[in-house]
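User: I should like to learn how to read cavities, surface patches and cysteines in a structural model. Please take me through them one at a time.

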Amino acid sequence: MTYEPTSKGNEFQLTINQHFHMEAILRKFAADDKKVAVTDKVSGSTERFSVENRRFKAKRAWSQEIEQHISWPIEAAFILEVQRIEDGGIVEDQKAISAYHLLWVLRHSFALNPSSARTLIPGMPLGQMDKRLEEFAESLGKLPLSGGQAAGRFATTLDIKACLNEPHNKANYDGIYWQVLRSDTTRFISADSYPSKLLVPIGPQILLKGCREASDAMLIDTTQVEKFNKVAIGEATNFTFG
């Protein structure tokens, strides 16, 4: 999919550089220089990057509907749980963590492999919608069509929405409880995404683990943290950070 820039001035304030993982979580892994250590999975080399670096982002891979109307409510519910945990509490809204985990996995996947333009109404007379009108519609969470075709970011939006509601994906989180694991010594690292593990590091000293039964919060030792960090390396598509 080719990146499509907004019209000059971006009148409707559409998000161009889209984080696939919450910026607020990325910042918790940053050091005093406000940069995050990123380790390449293949080479093993480590560099430090701002959370605004392109490694953490897609470039207009999905529409404003996903960015604002779908992602923001999920992120808001998730960050409330994060704040509660950081204040010494436990997860109260299990579904908020599950919804964010799935959203993270999906956005990461589509950031790497965004959908191509898709014909939704075959045979519709060809014609190019006015760019300003298209962007206005997008800002409202609508799906504009030009000649019966949805641009790649709108096709990606349809795919993400379908995946969020896909019964198999929902079933993966049915009955899941998120256990809080803390470390006072060794720091957790995070994969760029966890496509097959129910894990969400929310900072260098706190990890959330999906379990089939409600479990008390635990303080874990260095050996246990290192096991989770090895899982992060195995799960990562391109890099780990922390």
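Analyst: Let us begin with the cavity. This is a predicted model. In the lining of the largest cavity, strand β9 (199–203) and helix α7 (222–235) each supply at least two residues.

User: Which residues line the largest cavity?

Analyst: A lining residue has an atom within 4 Å of a cavity point. Here the lining consists of Phe 188, Ile 189, Tyr 194, Leu 199, Pro 201, Leu 207, Phe 228 and Asn 229.

User: How many cavities of 30 Å³ or more does the structure hold, and how much space lies in the largest cavity?

Analyst: There is one cavity of 30 Å³ or more. The space in the largest cavity comes to about 30 Å³.

User: Turning to the surface, which residues make the nonpolar patch?

Analyst: Patch members must have over 30% relative accessible area. In this model, Leu 133, Phe 136 and Leu 140 make a nonpolar surface patch of about 270 Å². Leu 133 belongs to helix α4 (residues 131–139).

User: Why does Leu 133 count as partly exposed?

Analyst: The partly exposed class lies between the buried limit of under 20% and the exposed limit of over 50%. Leu 133 has a relative accessible area of 45%, so it is partly exposed.

User: Finally, are Cys 163 and Cys 211 buried or partly exposed, and how many disulfides does a search of the whole structure find?

Analyst: The 20% limit separates these two cysteines. Cys 163 is partly exposed because its relative accessibility is 23%, whereas Cys 211, at 12%, is buried. The search of the whole structure finds zero disulfides.

Note on methods: Residues numbered from 1 in each chain as written. Predicted model: local features only at pLDDT ≥ 70, side-chain atom pairs only at ≥ 80, totals over all residues. Heavy atoms only, no water. Patch = residues over 30% accessible without salt bridge, like charges linked within 9 Å, V, L, I, M, F, W, Y side chains within 5 Å. Areas by Shrake-Rupley, 256 points an atom, 1.4 Å probe, with all protein chains shown as cover. Salt bridge = Lys/Arg side-chain N within 4 Å of Asp/Glu carboxyl O. Helix = DSSP H or I, 4+ residues; strand = E, 2+ residues; numbered from the N terminus. Buried < 20%, exposed > 50% of the residue type's maximum accessible area, 1.4 Å probe, protein only. Disulfide = S-S within 2.5 Å. 1 Å grid on protein atoms, 1.4 Å probe; cavity = no way out; pocket = protein on both sides within 12 Å on 5 of 7 lines; lining within 4 Å. Points joined across faces, edges and corners; volume = space filled by probe spheres on them.
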